[in-house]
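Dear colleague,

I am handing over the structure below, followed by an account of what was found in it. Please read the notes with the coordinates open beside them.

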Amino acid sequence: MMVGQGGRLQFEALMLVASLRHTNPDFKGRVFVAEPQKNHRWDTDPRMANSDVRDALEALGAEVVPFENQIFGCGYPYGNKIEALQVLPEGEPFLFLDTDTLITGDLSTVPFDFDRPTASMKRENTWPQLELYGPGYNEIWGSLYKKFGLDFESSLDASYPDEYWRRYLYFNAGFFYFRCPKEFGDRFLEYARLIRDDPPEELVCQEMKPWLDQVALPLTIHSFGGGRVPEVSDMLDHKVTCHYRVLPLLYAREADDVVKTLEDVSAPNKLKKVLKQYEPIRRMVYQRKGHKVREMFDRDNLPRREQALRNQIKRAKLWMR
């Protein structure tokens, strides 16, 4: 399942579904593109207005399904991935993927245990941001586990020292999975809403946008007996899928086979006519500006921080999203 929405996300969703069909031609599962509907939670209509995109998705076998935002909306659009779980078949295992993802390998080789959820470990220490004389990681994360009656100690990775961010369960929400979308979605929504509306006092200085989903996600996963599952996250983060986030970053840092997948997937004329309507795809892929970005970097010696990549691409006036 992914979220399909007007603007960038609808074109990314199309590339994601196309990459699935390209790399997994025998995939027998269902593919859902969950579409938020216009209601009081949105200032503008969030639906996919481009009929060409919708037709192309359906031609690839995707099921476009509507859902209603009850808690989130334009104030926190990342909440779509939480509320969209309500439209998936109850009791059926699911895999959620952000739209800015490509399938690059065989999904059947991933050793999913849908009773033991996990999420992407391809993350940086984006939350919490510690304040001088403020609470540390132990106090902040510990207060959240206490709020929801969860065992904090069992969530820690003791191979890292106290107060080092990797010691604490923290994921990128680019993928996650479980045995039932209703079970997972109900708890994910409950935790996110309560963190937003009634946070522990240790969070008083913490910014929750855009991090709320990534704060609630590890708590949700831990509550169902999940956690770090490297045999799954290593494959999804590095071999079978690529959460590229922004096309210039894909060209800057990803492996040659990822670039080849992107360009092979985008090549058929039927898809090209649709995808080139979105300027960043048209310029990066079809006008080959992405290769100009690629020539700027040595992928064996990339900057440690993503911001350094972004800044260099922006200085070259090749940043687009």
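Pro-128 sits in the loop between β6 (119-120) and α4 (137-147), and the peptide bond that leads into it from Trp-127 is cis, with omega near -5 degrees. Please bear in mind that this is a predicted model. The loop between β6 and α4 also holds Tyr-133, which has a positive phi of about 70 degrees although it is not a glycine; with a relative accessible area of 81%, Tyr-133 is exposed. Most residues other than glycine have a negative phi, and most peptide bonds are trans.

Two further places call for the same kind of check. The peptide bond from Lys-209 to Pro-210 is cis, with omega near 5 degrees, and Pro-210 belongs to the loop between α5 (181-197) and α6 (212-223). Arg-288, in the loop between α11 (279-286) and α12, has a positive phi of about 65 degrees without being a glycine, and its relative accessibility of 46% makes it partly exposed.

Turning to the nonpolar interior, the largest core has 55 residues, and those with the most contacts inside it are Leu-57 and Leu-250. Helix α1 (residues 8-23) gives the most to this core, with eight residues. Not counting residues up to four places away in sequence, Leu-57 touches Ala-13, Leu-14, Val-17, Val-33, Met-48, Ala-62 and Val-64. The buried residues of α1 include Ala-13, Leu-14 and Val-17, and also Gln-10 and Glu-12. As for the geometry of α1, its 16 residues should span 22 Å at 1.5 Å a residue, and the end C-alpha atoms are 23 Å apart, which agrees.

The salt bridges come next, and the count comes to 21. How far apart are the closest N and O atoms of Arg-294 and Asp-256? They are 2.6 Å apart, and the two residues form a salt bridge. Arg-294 lies in helix α12 (residues 289-295) and Asp-256 in helix α9 (residues 256-266), so the pair ties together parts that are 38 residues apart in sequence. The two partners fall into opposite classes of accessibility, since Arg-294 counts as buried at 8%, whereas Asp-256 counts as exposed at 59%.

Within helix α13 (residues 306-315), Arg-310 and Glu-306 lie four residues apart, about one turn of the helix, and they form a salt bridge whose closest N and O atoms are 2.7 Å apart. Arg-310 is buried, with a relative accessible area of 15%, and Glu-306 is buried as well, with a relative accessible area of 10%. Salt bridges that share partners join Glu-306 and Arg-310 with Lys-122, Arg-245, Arg-253 and Glu-254 into one network. In another pair, the side chains of Glu-183 and Arg-179 meet in a salt bridge at 3.3 Å, N to O; Glu-183 counts as partly exposed at 33% relative accessibility, as does Arg-179 at 31%.

One acidic residue remains to be mentioned. Which side chain of opposite charge is nearest to Asp-237? Lys-122 is, at 6.3 Å, and Asp-237 is buried yet has no salt bridge, the cut-off for which is 4 Å. Asp-237 is placed in helix α7 (residues 230-238) and, leaving aside neighbours within four places in sequence, is in contact with Ser-120, Met-121, Lys-122 and Phe-175.

With best regards

Methods: Residues numbered from 1 in each chain as written. Predicted model: local features only at pLDDT ≥ 70, side-chain atom pairs only at ≥ 80, totals over all residues. Heavy atoms only, no water. Core = buried A, V, L, I, M, F, W, Y, C linked by side-chain atoms within 4.5 Å. Buried < 20%, exposed > 50% of the residue type's maximum accessible area, 1.4 Å probe, protein only. Helix = DSSP H or I, 4+ residues; strand = E, 2+ residues; numbered from the N terminus. Contact = heavy atoms within 4.5 Å. Lys, Arg positive; Asp, Glu negative; His and termini not counted. Expected span 1.5 Å × (residues − 1).
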